[in-house]
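Biologist: Could we go through this chain together, beginning with its overall form and then turning to particular residues?

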Amino acid sequence: MNDFFDKTKQMLCLSMAGAAVMPFAGCSEQVKEQKPLNILYIMCDDHSYQTISAYDTTYIQTPNIDRIAADGVRFTNSFVANSISGPSRACMLTGKHSFTNGFTDNSSSFDGSQQTFPKLLQQQGYETAVIGKWHLTSDPTGFNHWDILIGQGDYYNPTFICNGEKVQRKGYATNVTTDLAIEWLSSQRDKNKPFCLLLHHKAPHRTWMPDTCDLDLFTDTNFPLPETFYDDYKGRRAASEQKMSISKDMDIIYDLKMADKDSTIHSRADLEEWGRRMYRTMDPEQKAAWDAHYDKVIAAFKAAGLKGKELDAWKFQQYMRDYLRVITSVDRNIGVVLDYLEANDLMDNTLIVYTSDQGFYMGEHGWFDKRFMYEESFRTPLLMRLPGGVKGDVIQLVQNIDYAPTILEAAGVPVPADIQGESLLPLLKGEQWNPKRDALYYHYYEYPAEHAVRPHYGVRTEQYKLIHFYGDNYSEWELFDLAADKNELNNIYGQAGTEQLTDSLKAKLRNLQIMYGEQQFIQE
Ligand code: SGN
Ligand code: CA
């Protein structure tokens, strides 16, 4: 299904693309006329690699996001350090794991006095901005301009905080966020300086509310159920205890929009509670377009009277349709930004990054949401187009703590020694890459919390993954051989014959915990 997994076996296919660009800082006299490097970092919220056609064509075509891949590098083994929004964003800004940057779960508040890559760029003369979802509670620091959504933000007519002032803006969040980015690029920034723009869409976060113009897309499409949709979680206790099941935990009104005005498929109280949240910020025109679409779906749903597995499959289809409608809008808006760069002669001196704050379950294991160190949520899409860099696939294991040092090095700004990530710049240039780590470290902390995923840390190598779920009176280990069991259904921890492998992975885990300052979590 995911064609890029097979391609990970291929070697890098690299060719030079675009014109040469000099880093901004430290330019010598004779190259001063060359343009400094701008940074455009685009990050969506919960955008799965399964729904980017550069990675996987099963569900949707994303021609505009694919433009970045076609002209740059597609990372086929890209991961996060902690699969949840705020922590991921903090890892990305600091180049440090959650424990080190202090933002371990979504209830944290980011210590904005600490070092971040936008601050370091700003100090070296960059004009910096963040537009869209922020989700770090404290006000942004290190930005000349910030225009952020409050918390998760709303899909319709969202309220932003623009440099400290609240402003409600009419329209659909992805379009509004794009317009703000174009406005800053075209008329608000100081054009004598190179720019670093973090463009953070709230889409496609739950509850996957499409733009009115996309509501009728995919209406007749039936998507294939993932192989693991009916996973029984045998041998994986923490997986069996979560609350992110499409069948059991996805809400018929709130998530799937079946707000039946006659209240025959749910109670009146449910309609009032969830309906209020769903329509909360829509204006009458938007609400009318919304109802014109969903009222028909509600009528058909009521007439069908689905139960059991048929109902589960319907929920999956409905979820996929809305999610993919939201992605259609994201892709269209990425196209707008790329067109702007092209029309304004910025493509040959702008590093473009496309990523998500983490991966997401598109029904694999029967789930939506993220958090687990299992592949679908541990992975995240990552595309980077460096002018003058290479094109093709990079198969090395990379992580979101690597973005900050990559961007700093690309901009010619020294990478501070305390940054834990590794610069990916050599990979973008087709050069040798010798990271300090020999495996990836992961740690998820948020518990108790929505979706009931137990805290866990673990280590991943090219072939194996060892996870430890922990808590008061809770200790569960899982070991997967990803070459033999790509869907992680067969926990081989404790099985005869795995002793040596387990010891060596535990040693790697211990070393990473020491390297990243989490000695207190070491388990013998
Ligand atoms: C909200 C969602 C959750 C989601 C978290 C974290 N519930 O609480 O489903 O896991 O955000 O997501 S909702 O009812 O408010 O939609 S994150 O991407 O921001 O970390
Ligand atoms: Ca997210």
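The exchange below moves from the whole chain to one strand and then to one residue.

Modeller: Please keep in mind that this is a predicted model.

Biologist: What radius of gyration does the protein chain have, and what would a compact globule have?

Modeller: The C-alpha atoms fill a box of roughly 75 × 65 × 40 Å along the principal axes, and buried residues make up 62% of the 524 residues. For a chain of 524 residues, a compact globule would have a radius of gyration near 24 Å, and the value for the protein chain agrees with this, being 23 Å.

Biologist: Is strand E14 mostly covered or not, and how many of its residues are buried?

Modeller: Strand E14 spans residues 440-444, where Leu440, Tyr442 and Tyr444 point one way while Tyr441 and His443 point the other way, and all are buried. The strand is therefore covered on both of these sides by the under 20% criterion for relative accessible area. The number of buried residues in E14 is 5 of 5.

Biologist: Which residue in E15 stands opposite Tyr442?

Modeller: E14 and E15 (residues 456-460) run antiparallel and are joined by 5 bridges. Within this pairing, the residue of E15 that stands opposite Tyr442 is Gly458.

Biologist: With which side chain does the side chain of Glu478 make a polar contact?

Modeller: Glu478, in strand E17 (residues 474-481), is buried yet has no salt bridge, because the nearest side chain of opposite charge, Arg236, is 5.8 Å away, whereas a salt bridge requires a separation within 4 Å. Its side chain does make a polar contact, at 2.7 Å, with the side chain of Tyr374.

Note on methods: Residues are numbered from 1 along each chain as its sequence is written. Chains are lettered from A and ligands numbered from 1 in the order in which they are written. This is a predicted model: local features need pLDDT of at least 70, side-chain atom pairs count only at pLDDT 80 or more; totals for chains, interfaces and linings use all residues. Side-chain values use heavy atoms; hydrogens and water are left out. Helices (H or I, at least four residues) and strands (E, at least two) are DSSP runs, numbered from the N terminus. Buried means under 20% relative accessible area, exposed over 50%, partly exposed in between (1.4 Å probe, protein chains only). Lys and Arg count as positive and Asp and Glu as negative; His and the chain ends are not counted. A polar contact is a pair of N or O atoms within 3.5 Å; within protein, one must be able to donate a hydrogen and the other to accept it, and residues adjacent in sequence count only if both atoms are side-chain atoms. Two strands pair if DSSP finds at least two bridges between them. The radius of gyration is taken over C-alpha atoms; the globule rule is 2.2 Å times the number of residues to the power 0.38.
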